[in-house]
Amino acid sequence: MSRLVPSFLSGALLLVGLSPLLAQTPPEVDPLARHVPLKPATRQELDHLEALRLYGLGAIQERQNRLLEATHTYEEALRLDPESAAIHRTLIPLYFALDRLDDALAGCRRVLELDPDDYDTAYRYARQLRGMGKTKEALAALLRTADCPGLKDRLEVRAQVFYDLAHMQEDEGELDKAITNLRQVLDILDNPAALLEQGPYNREEIVAQAAETYEHLGRVYLKARKPAEAVAAFQKALKKDPVRSVRLSYNLAEVYDEQGEPGKALAQLEPYLRSQPQGMEGYELRIRLQHKLGRQTDVLPSLERSSEADRNNLALRLLLAREYRKAGPSPQAEQIYEKLLEQSPTPDVYRGRFGLYKEQGAQGAAQLLTRLDKALGTASGDDRIDKKAEMNEAEREEAQRQAGHARAMLLVLREDPELVKLVLGVAQGRLRASPRLKYTTSLMLANLAARTQQLNEAEELYRRCLNQPRGPRGLLNNEGEVYAGLLTVLSLAHKNEAIIALCKEQLKPERDTYRLLFLRELAVAHMALGHVRESLESADEAVKAAGTRDNMLRCRLERAQLLSQAEKNKEAIAECQALLKEYNQPGDVHTIRSVLSGIHSAAHQHEQAEEQLLLILKDDPDDATANNDLGYLWADQNKKLDEAEKRIRRALELDRRQRSGLKSVRTGLDGDRDNAAYVDSLGWVLFRKGDWEGARRELERASTTPNGDDDPVVWDHLGDVYFRLKEREKAGSAWRKAIELYKSGGRRRPDDRYREIKEKLRLLD
């Protein structure tokens, strides 16, 4: 019988027995007296209680993965209780998860102010700074973490902190400090009993980590030119982990090399190389040792044997090809590259192959061009006779294969302006003779020429693209892209008259294909030449031709900017304010506010400019342009300089992150470079803060970046830096460059800055 049955029955009997009593009228009892506090709660106490309630609500939302709601709830709790380290601490991982890095870092700093012994937050803060490349700040934060008293009881965290600290000090060249901190790590790892009590570790893992740390210590000793200590550390590593004997033979070879005994070093190195390591440092060391011993003739045979034994090692094959090239003209290097290109057309392989082409001069450049032309022609379909028919499977596969080759070749070319110049020289002949270059090749070379500032060549290539045979409707593939590229090149060359002539020709009724593009460019070119009336008339025509709502917004904003350049600031501001009433989508509103801020700034209405940028950042803290513009605005007024620098660095970081997600074969050739305007802003704020060498570094970088090299503002700022560094000749040269750019009809018209530069030059002279 179930044990629940008698319990149920006994409960029923109890109720029956009690029923007469329950039926009686209960006696009267005094109600419980309500608690009355001796004094009413203060506002601070009430806020604290409400903060606790919100903190609990935020925890529930976070467990439900409602991160945005949880963050807002915690922030409201923090508003009520701003001295709570716990709330700050809870918000930090949410800020990181939501990519609010500035808020996360500020939260870390605030927690450490409220709770200096919070080593977990201190360590997280240091690691984040290190990941952002802020080495000095990260090192200072790690040193602070290492001093936290509570860290003494957390051995696994303590070991990691001191290991990271040693690694950073090694990178900074502070080798004695790195050695001291690695010794701190080994004090923990050499006594594993305490670690075994604190975490889910096993003795084998701890011993292996100790062996690795001893090996690292030996390498640091070697850098510090302490070979005896290095040998002792390597031997301890070997004693703890005999399996590392092969790797440690390489370390001992380095020791003997440091002691000036290349023969012993080479003997130690051979067992390591027989293990077929993937890295090339061992093979490079062998080559150096062979040269020291006067055994240069052994280099190629030993590399051949190693490569034959490890046939799948691509890097080793490339190293062998490199040494063949060093030894003089040899077909073996070419054979290696060609074989590797059949298997793996990577940029590294093409970099080596193109090196051979480069050594052969014009003949090699011609072969390179033929190869590139074939790959691009096949990948784009330019080679196909019947372009109307669909590709069959074999053609599709070949197109994809050649696209891989083309991608790798273009990545190598864009890094080598000298090689691009050589190829362009050969391409000029192919433009006029048969077989002519494919359309896609001409377009790609035009892009490369523009990137390497060979503007005349770029212009000719773009014009050649426009003369290619046209399709059945008289249109050219990517014709709009070609015209846009040509107009950009003409603008970079400050050929505003040529832009006007091209636009007027294309705006004739019989050719009116890209009317909006040409009207917009016509307006900009006229303004650059000071033709205000003609510029605004063209801008009005562009607005009429806009068609779509998006195009209308773009054209009206461009018109507002032209009005500002013509010093018609009231009209420009009124246009933007009207647009804010007509457009309500966040992206559109941000674009309008950004332009309006620039117009206010040009009119020296700094408060209004700042207001617009802050409104953008309130909606979108990650707007790179708004972050940069606000930082520059503050720097220009010499105020809030620390915050200004933080905003500008944030803009650079956001821009890099955005560019890293964009992959393109045919365009974006300068996608690996920082935005010149942002670099200029960083240089300017560093100048304002008195860091003149830092300002010089950034502004010189901006002056060599596309869109920065022809910006008179960049050269004006650079002149100011040179002048402060007492390099008067360089200052004068930079200011004169700025004046030339203003006069040449470039992107900026002469304004107050132009007059200020002329005055600085007068005083300098």
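A cavity is a set of grid points where a 1.4 Å probe fits but cannot get out, and its lining residues have an atom within 4 Å of a point. The legends below apply these terms to a predicted model.

**View 1. The largest cavity and the helices around it.** In this predicted model, the largest cavity has a volume of about 50 Å³ and is lined by Arg 520, Ala 523, Val 524, Ala 539, Ala 542, Cys 555, Glu 558, Arg 559 and Leu 562. Two or more of these lining residues come from each of helix H27 (515-528), helix H28 (532-545) and helix H29 (549-565), with H29 giving the largest share, four residues. By class, the lining of the largest cavity holds six nonpolar and three charged residues, and no polar ones. The structure holds two cavities of 30 Å³ or more.

**View 2. The second largest pocket.** The volume of the second largest pocket is about 820 Å³, and of its 29 lining residues, Met 132, Lys 134, Glu 137, Glu 645 and Arg 649 are the closest to the centre. At least two lining residues are supplied by each of helix H5 (101-114), helix H6 (119-131), helix H7 (135-146), helix H34 (641-660) and helix H36 (692-703), and it is H34 that gives the most, with eight residues. The lining of this second largest pocket comprises 17 charged, eight nonpolar and four polar residues.

**View 3. The largest nonpolar core, with Leu 445.** The largest nonpolar core has 85 residues, and those with the most contacts inside it are Leu 269, Leu 303, Phe 354, Leu 413, Val 423 and Leu 445. Helix H23 (residues 439-451) provides the largest share of this core, eight residues. When neighbours within four places in sequence are left aside, Leu 445 is in contact with Leu 369, Leu 372, Val 423, Leu 424, Ala 427, Leu 437 and Leu 461. Another core, of 64 residues, lies apart from the largest one and has Cys 108, Leu 129, Leu 165 and Ala 230 among its members.

**View 4. Aromatic pairs, with Tyr 483 and Tyr 514.** A search of the whole structure finds nine aromatic pairs, including the tilted pair of Tyr 483 and Tyr 514, at 6.3 Å centre to centre and with 55° between the planes. This pair links distant parts of the chain, 31 residues apart, with Tyr 483 in helix H25 (residues 479-492) and Tyr 514 in the loop between helix H26 (496-506) and H27. Tyr 483 is buried, because its relative accessible area is 5%, whereas Tyr 514, at 26%, is partly exposed. Elsewhere, ring pairs link Tyr 350, Phe 354 and Tyr 357 into a cluster.

Notes. Residues are numbered from 1 along each chain as its sequence is written. This is a predicted model: local features need pLDDT of at least 70, side-chain atom pairs count only at pLDDT 80 or more; totals for chains, interfaces and linings use all residues. Side-chain values use heavy atoms; hydrogens and water are left out. On a 1 Å grid over the protein atoms alone, a cavity is a set of points where a 1.4 Å probe fits but cannot get out, and a pocket is an open set with protein on both sides within 12 Å along at least five of seven lines; lining residues have an atom within 4 Å of a point. Grid points are joined across faces, edges and corners, and a volume is the space filled by probe spheres set on the points. Ala, Val, Leu, Ile, Met, Phe, Trp, Tyr, Cys and Pro count as nonpolar, Asp, Glu, Lys and Arg as charged, and the others, Gly among them, as polar. A nonpolar core is a set of buried Ala, Val, Leu, Ile, Met, Phe, Trp, Tyr and Cys residues joined through side-chain atoms within 4.5 Å. Buried means under 20% relative accessible area, exposed over 50%, partly exposed in between (1.4 Å probe, protein chains only). Contact means heavy atoms within 4.5 Å. Rings of Phe, Tyr and Trp (its six-membered ring) pair if their centres lie within 6.5 Å; planes under 30 degrees apart count as stacked, over 60 as edge-to-face and the rest as tilted.
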